[in-house]
Amino acid sequence: MTSIAGIVLALVLLMALAYRGVSVLILAPLMALLAAIFTPGAPLLASYTQIFMPALGGFVIAFFPLFLLGAVFGKLMEASGAARVIAHGVVAGLGEQRAILAIVLACAVLTYGGVSLFVVAFAVYPIAAALFRQADVPKRLIPGTIALGAFTFTMTALPGTPAIQNAIPMPYFGTTPFAAPGLGLIGGAVMLALGTLWLTRRAARAKSQGEGYGEDADAPTLDDPANASKSSAAGVAEAAPPVTNATFSRPAFARAIAPVVLVIALNYVLATWVFPTLDTAYLAEPRFGATHINNLRGIWAVIGALSAAIVLLLVLQRQRLTTLVPTLEAGATSSVLPLLNTASQVGFGAVIASLAGFTLIRDAVLGIAPGNPLVSVSIAVNILAGITGSASGGMSIALQTLGDTWLAMGQAAGIAPDLLHRVTAIATGGLDALPHNGAVITLLGICGLSHRKSYFDIFVVAVAFPLLALVAVVALGTVFGSF
C-alpha cells in the first residue's frame with residue numbers, strides 16, 4: 001500500500017507542479033524517484049540510470065525524426081507565409097457567414113497536413129480575429145474554435161494524420177497512420193459536427209442577447225516566430241486586415257497547400273504500397289534490431305512524407321524563404337523541448353511500472369473489462385493524459401507500461417491491432433485538454449483571453465465531445481471490429 005501511495009502522490013504532484021509551470025524535464029525524474037522512495041527495496045540511483053534513462057533514450061531514438069521533421073516543416077510553412085495563405089484561402093472560400101466553420105476547417109487543413117498546432121494557432125488567430133470582428137461573433141469563442149480545428153479530430157481521429165499522437169502507437173501495435181480508417185472518420189465526424197454545432201449555437205445565442213465581438217485587446221501575432229510568445233504576453237493590439245476574396249490568389253493557395261496534400265498522399269502510398277513490397281528481410285538481423293517491416297513502415301512512411309513535403313516546400317516557396325538557414329535552425333531547435341518533455345514522461349512511466357504497487361494498479365485497470373481491452377485502454381490513456389496535461393505524454397506512459405499487455409489481450413479477444421491503435425489515439429484527446437494543458441494555456445495567451453472567459457467552450461469541444469466520440473468508436477469497434 002505504501003508503494004501505491006507513493007505512485008498516487010507522484011502523479012498528483014506531477015499534475016499540480018506542471019500546472020504551476022515547473023518544467024517536466026525537472027519534474028519527471030524527481031517524481032519518479034519520489035514514487036520509488038515509497039517502495040521498499042527500490043534502489044533510487046538504479047531506478048534513475050537503469051530504468052528512467054533507457055526508457056527516455058528509447059523514445060528519443062524511436063521518434064526524434066518525427067519531432068524534428070514536423071517542427072522544421074511547421075517553421076517553413078510559417079516563415080514562408082504558406083500557413084497564412086491556406087488559412088486565408090479556406091476562410092475566403094466559405095465566407096463571413098460561416099466564420100466559425102471557416103476557422104475550424106482552416107486549422108484542420110493545416111494540422112492534418114503536419115503543421116504544429118502551435119504554429120497553426122499563431123497563424124490563424126489574426127485571421128480569426130478579423131473575421132469574427134466582421135461577423136460580430138464574440139471574440140471569447142475564438143479559442144474554442146481554434147481548439148476544435150487543431151486539438152481534436154485532426155490530432156487523433158483522422159486516418160493518416162502525421163501528428164505524433166497518431167505515430168506513437170505504431171511501434172507498439174505494428175500499425176500504420178491509417179489504422180482503422182472508417183472508425184477514425186466516424187470519430188472525427190462526431191467531434192467536428194458536435195463541436196461546430198455547439199460553437200454556432202453559442203454565437204447565435206450571444207447575438208440574440210446583443211453581444212458583439214467585444215472590447216478585449218487583440219493579442220499580437222508577429223511574422224517573426226521568435227517574437228511570438230513575447231508579443232502575445234505583451235498584449236499589444238493587432239491591426240488584423242479584413243478577410244476578403246482578394247486576400248489570396250489561387251496560384252498562391254495551390255503552392256501553399258501542395259506540400260500539405262503531399263504529406264497525406266505520400267504517407268498513404270509509402271505505408272500501404274511501397275514499404276510492404278520491399279525486400280526487408282535484412283531487418284531480422286540483430287544489427288537492425290531483429291524486427292519486421294510491419295513494426296517500422298508506419299514511422300518510415302511519416303519520415304518519407306514529411307521529408308518530401310519539406311523539399312517541395314523549399315522549391316515552391318524559395319523566393320519567400322529569405323532567411324532559410326535561421327528558419328531551419330529555429331525549427332530544429334523547437335523540436336528538442338517537446339521531444340525531451342515527452343521522453344521524460346516515458347521515463348517516469350517506466351519507473352512507475354517497475355514498482356511493486358503498479359502491479360495492483362495495472363490489474364485493477366485491466367480488470368475493468370477483462371474481455372475488452374478497448375475499455376481499459378480508453379480509461380487508462382485518458383486518466384494519464386489528464387494527469388500529465390499531455391496527450392502524447394499520457395499515451396506514452398500508458399503504452400510503455402501496458403502496451404504489450406493490451407496487444408496480447410486484443411489478440412486473445414480477436415481485436416485487431418488497428419482498432420487498438422485508433423482507440424488509443426482518440427483516447428489521448430479527451431482529458432488532456434484540462435486547464436493545465438500547455439497548448440490550452442498557450443492558445444489563451446495568443447488570443448489574449450482568460451480561462452474564465454473562454455475555457456468552458458474549449459472544455460466542451462476538446463474534452464466532452466472527444467470523449468463522446470471515443471465512446472462511439474469503442475462501441476462500434478466492439479460490435480463490428482476494425483474497419
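Helix 11 runs from residue 181 to residue 208, and its 28 residues reach 40 Å from the first C-alpha to the last. That is close to the 40 Å expected at 1.5 Å a residue. Keep in mind that you're looking at a predicted model. Helix 11 sits in a protein chain with 21 helices and zero strands.

**Helix 11 and its neighbours**

- Quite a few residues of helix 11 are buried, among them Gly-182, Leu-183, Gly-184, Gly-187 and Gly-188.
- Further along helix 11, the buried list carries on with Met-191, Gly-195, Thr-196, Leu-199, Ala-203 and Ala-206.
- In an α-helix there are 3.6 residues a turn, so residues three or four places apart point the same way.
- What do the buried residues of helix 11 pack against? Their partners are helix 5 (99-112), helix 7 (142-151), helix 8 (153-156), helix 19 (417-427) and helix 21 (451-480).
- After helix 11 comes Gly-210, which has a positive phi, near 80°.

**A look into helix 19**

- Helix 19, one of the helices that the buried residues of helix 11 pack against, is home to Thr-424.
- Thr-424 counts as buried because its relative accessibility is 0%, and the cut-off for buried is under 20%.
- Leaving aside residues up to four places away in sequence, Thr-424 touches Pro-169, Phe-173, Val-377, Val-381, Met-395 and Leu-399.

**The cysteines**

- How many disulfides are there? The count comes to zero, given that a disulfide needs two cysteine sulfur atoms within 2.5 Å.
- For Cys-107, the nearest cysteine sulfur belongs to Cys-447 and is 9.6 Å away, so with a cut-off of 2.5 Å, Cys-107 is in no disulfide.
- Turn it around and Cys-447 has the sulfur of Cys-107 as its nearest cysteine sulfur, again at 9.6 Å.
- Are these two cysteines buried or exposed? Cys-107 is buried, at 0% relative accessibility, and Cys-447 is buried too, with a relative accessible area of 0%.

**The whole chain**

- The radius of gyration of the protein chain is 22 Å, close to the 23 Å that the globule rule gives for 483 residues, so the chain is as compact as a globular protein of that length.
- Along its principal axes, the C-alpha trace spans about 65 × 50 × 45 Å.
- Of the 483 residues, 53% count as buried.
- Take the contacts between residues at least 6 apart in sequence: 81% of them join residues at least 24 apart.
- The chain exposes about 19,200 Å², and carbon and sulfur atoms supply 67% of that area.

How values were computed. Residues numbered from 1 in each chain as written. Predicted model: local features only at pLDDT ≥ 70, side-chain atom pairs only at ≥ 80, totals over all residues. Heavy atoms only, no water. Buried < 20%, exposed > 50% of the residue type's maximum accessible area, 1.4 Å probe, protein only. Helix = DSSP H or I, 4+ residues; strand = E, 2+ residues; numbered from the N terminus. Expected span 1.5 Å × (residues − 1). Contact = heavy atoms within 4.5 Å. Rg over C-alpha atoms; globule rule 2.2 N^0.38 Å. Areas by Shrake-Rupley, 256 points an atom, 1.4 Å probe, with all protein chains shown as cover.
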